[in-house]
Amino acid sequence: MNNKYYIIQFSYMKIIINNLLEDELYSELIHEPEHDHFSGFIYYKDNNDYLCSSSTNGYINIWDLFNKNIFKVINTNGCYLAHIIDWNKKYIIVSDYNNKSFKIIDIDNGSISNINPEHKKKMACIKKINHPTYGESLLSAGDDNIIKLWTIE
């Protein structure tokens, strides 16, 4: 965006970006159909900043933060999406709360792979970690109070 400090609020029906130090609204991001937003991340590509966000109606919206408009929409067909992470420059991973799974999404072509980690209850959170033995790994946590470690073979 620029060299200022912002706070991003993922909320009901919109995403709000405020300039933190100047107490001003930078942007309200809305793209229909809208619903709850729980999570997102910023990534840099082709000399531009993008905000990738998940919503509970199954849409992953990718926003151009400089132009303040939608860049790309990925539809997961009504999945209740919770936490989303940037895995690398090619893939994002998002937790599918109600289906007790997570999705690996190719950010360029929008293809979706579903992974079922066999949590007994809904899966709320995923985190990328650097494990001392396995390297880049994924943690998944469900409402069953179980945390699972996923590694790449």
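In what order do the three strands of the open sheet with antiparallel pairing stand? The order is β12-β13-β14. This is a predicted model, in which local features need pLDDT of at least 70, side-chain atom pairs count only at pLDDT 80 or more, and totals for chains, interfaces and linings use all residues. Residues are numbered from 1 along each chain as its sequence is written, and side-chain values use heavy atoms, with hydrogens and water left out.

The protein chain has zero helices and 14 strands. Helices (H or I, at least four residues) and strands (E, at least two) are DSSP runs, numbered from the N terminus. Along the sequence the pattern reads β-β-β-β-β-β-β-β-β-β-β-β-β-β. The radius of gyration of the protein chain is 16 Å, which agrees with the value near 15 Å for a compact globule of 153 residues. This radius is taken over C-alpha atoms, and the globule rule is 2.2 Å times the number of residues to the power 0.38. Along the principal axes, the C-alpha atoms fill a box of roughly 45 × 35 × 30 Å. Of the 153 residues, 40% are buried. Buried means under 20% relative accessible area, exposed means over 50%, and partly exposed lies in between (1.4 Å probe, protein chains only). Among contacts with a separation of 6 or more, 32% join residues 24 or more positions apart. Contact means heavy atoms within 4.5 Å.

The pairing of strands begins at the start of the chain. Two strands pair if DSSP finds at least two bridges between them. Strand β1 (residues 6-11) runs antiparallel to strand β2 (residues 14-19), and six bridges join them. Ile-8 has Ile-17 in β2 as its bridge partner. The hairpin of β1 and β2 has two residues between the strands, and Met-13 takes a positive phi near 70 degrees there. β2 also pairs with strand β3 (residues 24-29), in the antiparallel sense, over five bridges. Here Ile-15 has Leu-29 in β3 as its bridge partner. Four residues lie between β2 and β3 in their hairpin, and Asp-23 in the turn has a positive phi of about 50 degrees.

An open sheet of four strands follows the order β8-β9-β10-β11, with antiparallel pairing. Its edge strands are β8 (81-86) and β11 (112-115), and each pairs on one side only. From one strand to the next, the twist averages 25 degrees. Axes are lines fitted to C-alpha atoms, for helices over the stretch in contact, and angles run from 0 to 180 degrees between N-to-C directions. β8 pairs with strand β9 (residues 91-96) in the antiparallel sense over four bridges. Leu-81 stands opposite Asp-96 in β9.

In the sheet of three strands, β12 (123-131) and β14 stand at the edges with a single partner strand each, so one side of each is left without a neighbour in the sheet. Neighbouring strands of this sheet are turned by 25 degrees against each other on average, direction ignored. Strand β13 (residues 135-142) pairs with β14 in the antiparallel sense over five bridges. Leu-138 has Trp-150 in β14 as its bridge partner.

Aromatic rings give further links. Rings of Phe, Tyr and Trp (its six-membered ring) pair if their centres lie within 6.5 Å; planes under 30 degrees apart count as stacked, over 60 as edge-to-face and the rest as tilted. The count comes to seven aromatic pairs. The ring centres of Phe-38 and Tyr-80 are 6.2 Å apart and their planes are at 45 degrees, so this pair is tilted. Phe-38 lies in strand β4 (residues 37-45) and Tyr-80 in the loop between β7 (69-75) and β8, so the pair ties together parts that are 42 residues apart in sequence. Phe-38 is partly exposed at 44% relative accessible area, and Tyr-80 is partly exposed at 27%.

The ring centres of Phe-102 and Trp-150 are 5.4 Å apart and their planes are at 85 degrees, so this pair is edge-to-face. Phe-102 lies in strand β10 (residues 101-106) and Trp-150 in strand β14 (residues 147-151), so the pair ties together parts that are 48 residues apart in sequence. Phe-102 is buried at 3% relative accessibility, whereas Trp-150 is partly exposed at 26%. Ring pairs also link Phe-41, Tyr-43, Tyr-50 and Phe-71 into a cluster.
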